[in-house]
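Biologist: Could you take me closely through the empty spaces enclosed inside this protein, and then through the packing around them? I am new to this, so please go slowly and name the residues as you go.

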Amino acid sequence: MSELKRTPLYPEYEKSGGKTVDFGGWDLPIQFSGIKHEHEATRTKAGLFDVSHMGEIMVQGPGSLELLQKVVTNDVSKLTPKRAQYTFMCYEDGGTVDDFIIYMLDNNQYLLVVNAANTEKDFEWLKEHNDKDASVKNVTPDYVQLALQGPKAETILQRLTDADLSQIKFFRFENPLYFYGAEAGAIVSRTGYTGEDGFEIYINAAEGRGLWNQILEAGKDDGLEPIGLGARDTLRFEVNLPLYGQELSKTISPVEAGMKFAVKVNKEHDFIGKEALKQQIENGPSRKLVGIEMIDKGIPRTDYQVFAGDEEVGYITTGTQSPTLKKNIGLALVKTEFAAEGTELFIQVRKRKLKAIVVKTPFYKRGQ
């Protein structure tokens, strides 16, 4: 059995009571003080996440834009330096290789931040399709990635820098941004995976532990807490942000997952999967991701079967009791004819079929 990988922040978890689990080959904290408590702290105050397990791939050189246009669904030509973009890489049939964010650092220089479990696969995919004058390098070990999320995130982080954080707009970033006491400049973007305001910070791996402790200290009077993977999942689920392997996969396309805003089938460049995705957009996909709310008492768990009458019409991709809404809810991939809001469905929970209804997503919006 191979040894679990650890981020540079691993020694800090114990200080805050972190309980770690094997997460895709990484030894990461599932919780510190309790999932529901951490979820609420992020929604109402602020939470600090170690997401250094995420992968970073640098694509640069004269052919970098052309390579990215060939492999991703969004239109990378719309980016300018210090702007970020959400996108997908797809297979020819429209299934998803991965979903990730592209940061345009400079002309002909892009940083791709990809899902941890897909880092090697994505790296190989990019290299395989690189027939341009582009350099593709896995730079994951160079970075520590922290996410500071919640309504007090900006107030807390502002205490650590002279840069005006209010000037960083959604899906934009500053680079380099300097924090007091840190020698290396950081990439600081207004992005996140929680539905709250906040920042994702990429800094030299050697500076990571110092910055983690600095942020916790700066936010202690505002109720800032370290947050584990458990709450990260419930937070992203409530705002309908997909998780690769559940809402997106080799067999689930971005269009089926309701993410066609990042699929630009009319962009000038052909890209892998374009024809299949175009067909899905024009004709409508045969399956759709929908939100469901339980009517009967029970929690819809991942992979539970979904029925309309006696017909099996899909399955649950993610489900739980929402910590914010206090309701049993789920995301389900179902046949399109059963995807309309208000449709009555049944979820197979062990030996019983429990009643549910299709509801609007996202389940939660900031400020509601």
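**The enclosed spaces and their surroundings**

Modeller: In this predicted model, the largest cavity has a volume of about 60 Å³. The structure holds two cavities of 30 Å³ or more, and the second largest contains about 50 Å³ of space. Such spaces can be found because rolling a probe the size of a water molecule over the atoms shows where empty space is left.

Let us begin with the walls of the largest cavity, which are formed by L28, P29, F49, D50, V51, H53, I227, G228, L229 and R232. Two or more of these lining residues come from each of the elements β2 (26-31), β3 (47-50) and α7 (229-238). Sorted by character, the lining has six nonpolar residues, two polar ones and two charged ones.

Turning to the second largest cavity, we find it lined by F49, V51, A147, Q149, G192, Y193, T194, E200 and R232. F49, V51 and R232 belong to this lining and also to the lining of the largest cavity. In the second largest cavity, the lining divides into four nonpolar, three polar and two charged residues.

Now for the packing. In soluble globular proteins, nonpolar side chains tend to be buried together. Here the largest nonpolar core has 33 residues, and those that touch the most other members are L146, L148, L157, F179, V188, I201 and I215. Two or more residues of this core are given by each of β2, β9 (143-149), α5 (153-158), β11 (186-189), β12 (198-204) and α6 (208-219), with α6 making the largest contribution, five residues. The element β2 therefore appears in two places in our account, since it gives two or more residues to this core and two or more to the lining of the largest cavity.

To see what such packing looks like around one residue, take L148, which, if we leave aside residues up to four places away in sequence, touches A46, G47, L48, A153, I156, L157, D197, G198, F199, I215 and L224. Among these neighbours, L157 and I215 are themselves on the list of core residues that touch the most other members.

There is also a second, separate core of 32 residues, which includes V51, M54, M58 and M259. V51 thus links the two topics of your request, as a member of that second core and as a lining residue of the largest cavity and of the second largest cavity.

Technical notes
Residues are numbered from 1 along each chain as its sequence is written. This is a predicted model: local features need pLDDT of at least 70, side-chain atom pairs count only at pLDDT 80 or more; totals for chains, interfaces and linings use all residues. Side-chain values use heavy atoms; hydrogens and water are left out. On a 1 Å grid over the protein atoms alone, a cavity is a set of points where a 1.4 Å probe fits but cannot get out, and a pocket is an open set with protein on both sides within 12 Å along at least five of seven lines; lining residues have an atom within 4 Å of a point. Grid points are joined across faces, edges and corners, and a volume is the space filled by probe spheres set on the points. Helices (H or I, at least four residues) and strands (E, at least two) are DSSP runs, numbered from the N terminus. Ala, Val, Leu, Ile, Met, Phe, Trp, Tyr, Cys and Pro count as nonpolar, Asp, Glu, Lys and Arg as charged, and the others, Gly among them, as polar. A nonpolar core is a set of buried Ala, Val, Leu, Ile, Met, Phe, Trp, Tyr and Cys residues joined through side-chain atoms within 4.5 Å. Buried means under 20% relative accessible area, exposed over 50%, partly exposed in between (1.4 Å probe, protein chains only). Contact means heavy atoms within 4.5 Å.
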